[in-house]
Amino acid sequence: MHELPRLSTGIPRLDTILGGGLVEGASYIVQGHPGAGKTIFSNQVAFANLARGGKVLYITLLAETHDRLFQALGTLDFFDRSQLGVNISYVSVFQTLRYEGLSAVVSLIRQEIARQSATLLVFDGLLNASDRADTNLDVKTFVAEVQSQAAFAGCTVLFLTSTRIAEDSPEHTMVDGVIELHNELVGVRTVRRLQVKKSRGSAGLGGYHQFEITSAGLVAYPRLEAILSSATVEDRPGSALIASGTAGFDAMLGGGLPESSVTLVFGPSGCGKTSLGLNFLSRASAEEPALHFGFYETPGRLLKKAGSLGVDLETPMKSGALEVIWNPMTENLLDKLGHRLIDAVRSRGVKRLLIDGLGGFERAAVHPSRLVEFFAALTNEIRALGVTTFATWELRDLFGPTVTAPGSEISSLLDNLVMLRHVELGSRYKRTLSVLKVRDREYEPVIHELGFGSKGLKVISALEPVTGATTGVATAVGQEPHA
Amino acid sequence: MWLPPSARNHTLERKHEPNQMPLIVIAEDEFLIADVLTIMLEDAGYEVAAAPHGRAALALVREKRPSLVITDFMMPLMTGLELAQAMRADVELSHIPVILVSGAQGSIGRAHPEVFDAVLDKPYNEKKLLDTVSGLLS
């Protein structure tokens, strides 16, 4: 199969969305409302091209002066002022358009591409060119001539426009690709998304993908379920059992946690979910690197908490066997979180993972209906990477007669289910642990009481015979109220 | 203002006479900057002709023989550096002072003192521009 020569955009992960990057010598429309990020997008692509030895011609038809543009770009890491006028030229053809028309602009562009040996042409202001055209045919001819002349010179073209060009318009039909940038209000927050609406000769990732603009420029986050529609490595589940780190728990699990499985630990606040996870992380070693991917405690507070429970996390953290990544429960992007987690797992070959908790992903979801597919992609990938995972999920009700499976369909994606509860019994609250499911193994289906010892949370013993423990309000067997 | 041949008025077409106010040619592709420069210089009593790129400016210089040229750096078809070099290479134009005004390429201009008589970094104020112009014309 013949591979098309590609031009990297320099925008993290955008090349993947585009099916390998921009096609060299091809032309693209980049459209989006003012403020959508077109200028940063195109300049980031331009400077990435310079970094690979390319030459860029940046043509504008805008009223904004180039100095204002440079002032704004100066806040971004990729902008290199020393390249201006050397390998990248920003020129305005507004006056040429005003006095001589579109054909003169085409002629000027042709001469400039040749004169500068440009490998990338950015044309900012297709809307202005359209305004000057007498008919749609003029714009069509303009786009066709510019792209054919650029293609002849092997120069890739980005036409920037703030209008949404209809899918049946001549421009849309003629160019090789259309990239649309959105900046939308969702509730009280804004979310940036991009869509590759057309990508000739490329098997890109369709649909919307979140992105953000940072000091590094645009960073794209492909929808996890799209980019990981199947795991990147073959899933070869082992048969080893992994120590949970909690005394007495492995016996309940039938010997330990199945290797490369995902265990959901759910229960109300304060019942010991994180403590169970900290025990799991305390077994981190050079052979089994661990990661705490949390939403609630800062690394400092997590260390303090572990220390007060008698769980040593400092040693594995200092040795590098344990990494703590804290994601404040503020405004997050679902796919950014997913990629951050996968990247952290891959970069260190993580084998023990605590996600505390899955609710952080749920809160970040702009479209909660995606969560099942998102978690399916996430868990498939981390399982295939050989990671044994503890994931916590907080139940809303501290007590109650019913317990709803967390995340509806999500729990069915997970291998092992462990429920923690507060149980009121004889005017005392007891923490309990129940194993509800273990992948492909027999387990002990008995509710056990949890307690804290000198080295963190531990399983004390089977709970005395009661009924209603899973509701949180238990009654000793034989003392149940008569109906 | 630079205008295409068909749109130029008679005033811009005529040769510059020695008894008139000094003529300054502006080479600037960004029309807003060209307009502001033109207004500033005309208010100071100079006659001004503008061109939207270096190649048009060189043609204008050859035609009008101005007293001074103010040029941007990055322009289509011919940069400000190429314009100044072309003028220095032409014995009939080499004596005309050239000022480079630039937001980002001032250092390139300073590296070529043989072609630029002065380099002004944007942003600059009106007084600095007019002082530089009058200094070079005196």
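# Exercises on a predicted two-chain model

β1(B) and β3(B) pair in the parallel sense, and four bridges join them. The structure is a predicted model, and the exercises below begin from this pair of strands.

## Exercise 1. The sheet of chain B

Determine which strands form the sheet of chain B, in what order they lie, and which of them are edge strands.

*Solution.*

Step 1. Begin with the pairing of β1(B) and β3(B), which is parallel. One residue pair within it is B:I24 with its bridge partner B:L68 in β3(B).

Step 2. Extend the sheet on both sides. Five strands of chain B take part, in the order β2-β1-β3-β4-β5, and the pairing is parallel. Strands of a sheet pair through backbone hydrogen bonds.

Step 3. Find the edges. β2 and β5 (118-121) of chain B each pair on one side only, and they are the edge strands of this open sheet.

Step 4. Consider the twist. On average, neighbouring strands of the sheet are turned by 20° against each other, direction ignored.

Step 5. Place the sheet in the chain. Chain B has six helices and five strands, and from the N terminus on its elements run α-β-α-β-α-β-α-β-α-β-α.

## Exercise 2. A helix with a buried face

Which residues of α2(B) are buried, and why do they line one face of the helix?

*Solution.*

Step 1. Describe the helix. α2 of chain B covers residues 31-43, 13 residues in total, and it reaches 18 Å from its first C-alpha to its last, close to the 18 Å expected at 1.5 Å a residue.

Step 2. Apply the cut-off: a residue is buried if 20 or more other C-beta atoms lie within 10 Å of its own. The residues of α2(B) that are buried are B:I33, B:A34, B:L37 and B:L41.

Step 3. Look down the axis of α2(B). The buried residues fall within an arc of 100°, and therefore they line one face of the helix. B:I39 and B:D43, on the other side of α2(B), are exposed.

Step 4. Identify what the buried residues meet. They pack against β1 (23-27), β2 (47-51) and β3 (68-71) of chain B. The helix lies across these strands, running at about 165° to β2(B).

Step 5. Follow the chain onward. Just after α2(B), B:G45 takes a positive phi of about 100°.

Step 6. Examine another helix on the sheet. α6 (residues 126-137) of chain B lies across β1, β3, β4 (98-102) and β5 of chain B, at about 175° to β5(B).

## Exercise 3. A covered strand in chain A

Identify the strands that pair with β18(A), and state how many bridges join each of them to it.

*Solution.*

Step 1. Assess the strand. Seven of the eight residues of β18 (388-395) of chain A are buried, and the strand is mostly covered.

Step 2. Take one partner. β14 (262-268) of chain A pairs with β18(A) in the parallel sense over seven bridges. Here A:L264 stands opposite A:A391.

Step 3. Take another. β17 (352-356) of chain A runs parallel to β18(A) and is joined to it by five bridges. In this pairing A:L354 has A:F390 as its bridge partner.

## Exercise 4. Where the chains meet

Describe the side of chain A that touches chain B.

*Solution.*

Step 1. Count the residues. 21 residues of chain A are in contact with 21 residues of chain B.

Step 2. Assign them to elements. α3 (66-73), β5 (88-92), α4 (94-100) and α5 (102-116) of chain A each give two or more residues. α4(A) gives the most, with five residues.

Step 3. Sort them by character. This side of chain A comprises nine nonpolar, eight polar and four charged residues.

Methods: Residues are numbered from 1 along each chain as its sequence is written. Chains are lettered from A and ligands numbered from 1 in the order in which they are written. This is a predicted model: local features need pLDDT of at least 70, side-chain atom pairs count only at pLDDT 80 or more; totals for chains, interfaces and linings use all residues. Two residues are in contact if their C-beta atoms, placed from the backbone, lie within 7 Å. Ala, Val, Leu, Ile, Met, Phe, Trp, Tyr, Cys and Pro count as nonpolar, Asp, Glu, Lys and Arg as charged, and the others, Gly among them, as polar. The expected span of a helix is 1.5 Å times one less than its number of residues. A residue is buried if 20 or more other C-beta atoms lie within 10 Å of its own, exposed if 12 or fewer, and partly exposed in between; C-beta atoms are placed from the backbone. The arc is that of the directions from the helix axis to the C-beta atoms. Two strands pair if DSSP finds at least two bridges between them. Axes are lines fitted to C-alpha atoms, for helices over the stretch in contact, and angles run from 0 to 180 degrees between N-to-C directions.
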